[in-house]
Amino acid sequence: MQALNIAATGMLAQQTNVEVISNNISNIKVLIIGPKLESEILSVMSYGIPLRNIKAIDLITYSPWVDQGDMHNLPYQDDTFDLIICGWVIAYSDDKQKAAE
């Protein structure tokens with residue numbers, strides 16, 4: 001029974017976090033690492049996050065929406081972002097631990 005109570009408490013905490021995020025979606029700061037296309041940025045915007053709150057970085061870019069840089073040496077201060085999206089990039093890193101940090 002205690003395990004069920006702990007699980008229920010954890011689920012309630014997760015629901016609370018989701019509610020906090022959804023109620024503040026326009027204030028969330030997002031970093032997208034390695035976006036292949038601007039459509040990844042547009043996808044994040046489709047959830048109600050304004051472009052001014054989204055940063056993207058990649059080694060090579062043609063887009064004014066994407067900063068050029070390396071995920072191993074990000075030009076942003078710690079704790080700048082509430083959410084970091086890095087799809088399919090850590091696998092290409094020579095230092096996966098540093099990339100994940």
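The legends below describe an overview and several close-up views of a predicted model.

**Figure 1. Overview of the predicted model, with 3 helices and 4 strands.** Along the sequence, the secondary structure elements follow the pattern α-β-α-β-β-β-α. The protein has 101 residues, and 23% of them are buried. Among contacts with a separation of 6 or more, 46% are between residues 24 or more positions apart. The exposed surface comes to about 7600 Å², and carbon and sulfur atoms supply 56% of that area.

**Figure 2. The largest pocket and its lining, with about 400 Å³ of space.** The lining consists of 19 residues, and those closest to the pocket centre are Leu31, Leu74, Asp78, Ile84 and Glu101. Strand 1 (30-33) and helix 3 (96-100) each contribute at least two lining residues. Helix 3 gives the largest share, with 3 residues. Sorted by class, the lining holds 11 nonpolar, 4 polar and 4 charged residues.

**Figure 3. The second largest pocket, with about 280 Å³ of space.** Its lining is made up of 15 residues. Nearest the centre of this pocket lie Gly34, Asp58, Leu59, Met71 and Val89. By class, 7 of the lining residues are nonpolar, 5 are polar and 3 are charged.

**Figure 4. Close-up of Glu101, in the segment after helix 3.** Glu101 has a relative accessible area of 72% and is therefore classed as exposed, the cut-off for that class being over 50%. Glu101 is also one of the residues closest to the centre of the largest pocket. In sequence, Glu101 and Met71 are 30 residues apart, while their C-alpha atoms are 9.7 Å apart in space. Met71 is itself among the residues nearest the centre of the second largest pocket.

**Figure 5. Close-up of Ser93, in the loop between strand 4 and helix 3.** Ser93 counts as buried because its relative accessibility is 4%, and the class covers values under 20%. The side chain of Ser93 is joined to that of His72 by a polar contact of 2.6 Å. With neighbours within four places in sequence left aside, the contacts of Ser93 are Met71, His72 and Ala99. His72 thus appears both as the polar partner of Ser93 and in its contact list.

**Figure 6. Close-up of Asn53, in the loop between helix 2 and strand 2 (54-58).** The relative accessible area of Asn53 is 7%, so this residue is buried. Outside its neighbours within four places in sequence, Asn53 is in contact with Ser26, Asn27, Ile28, Lys29 and Val30. Of these partners, Val30 falls within strand 1, which spans 30-33.

**Figure 7. Close-up of Lys36, in the loop between strand 1 and helix 2 (38-45).** Lys36 is exposed because its relative accessibility reaches 63%. Between Lys36 and Thr61 there are 8.9 Å from C-alpha to C-alpha, and the two are 25 residues apart in sequence.

**Figure 8. Close-up of Asp79, in the loop between strand 3 (67-68) and strand 4 (83-85).** Asp79 is not a glycine, yet its phi is positive, at about 65 degrees. Most residues other than glycine have a negative phi. Asp79 is classed as exposed because its relative accessibility is 81%. Asp78 is one of the residues closest to the centre of the largest pocket, as is Ile84, and the latter falls within strand 4.

Terms used: Residues numbered from 1 in each chain as written. Predicted model: local features only at pLDDT ≥ 70, side-chain atom pairs only at ≥ 80, totals over all residues. Heavy atoms only, no water. Buried < 20%, exposed > 50% of the residue type's maximum accessible area, 1.4 Å probe, protein only. Contact = heavy atoms within 4.5 Å. Areas by Shrake-Rupley, 256 points an atom, 1.4 Å probe, with all protein chains shown as cover. 1 Å grid on protein atoms, 1.4 Å probe; cavity = no way out; pocket = protein on both sides within 12 Å on 5 of 7 lines; lining within 4 Å. Points joined across faces, edges and corners; volume = space filled by probe spheres on them. Nonpolar A, V, L, I, M, F, W, Y, C, P; charged D, E, K, R; others polar. Polar contact = N/O pair within 3.5 Å; in protein donor to acceptor, adjacent residues only side chain to side chain.
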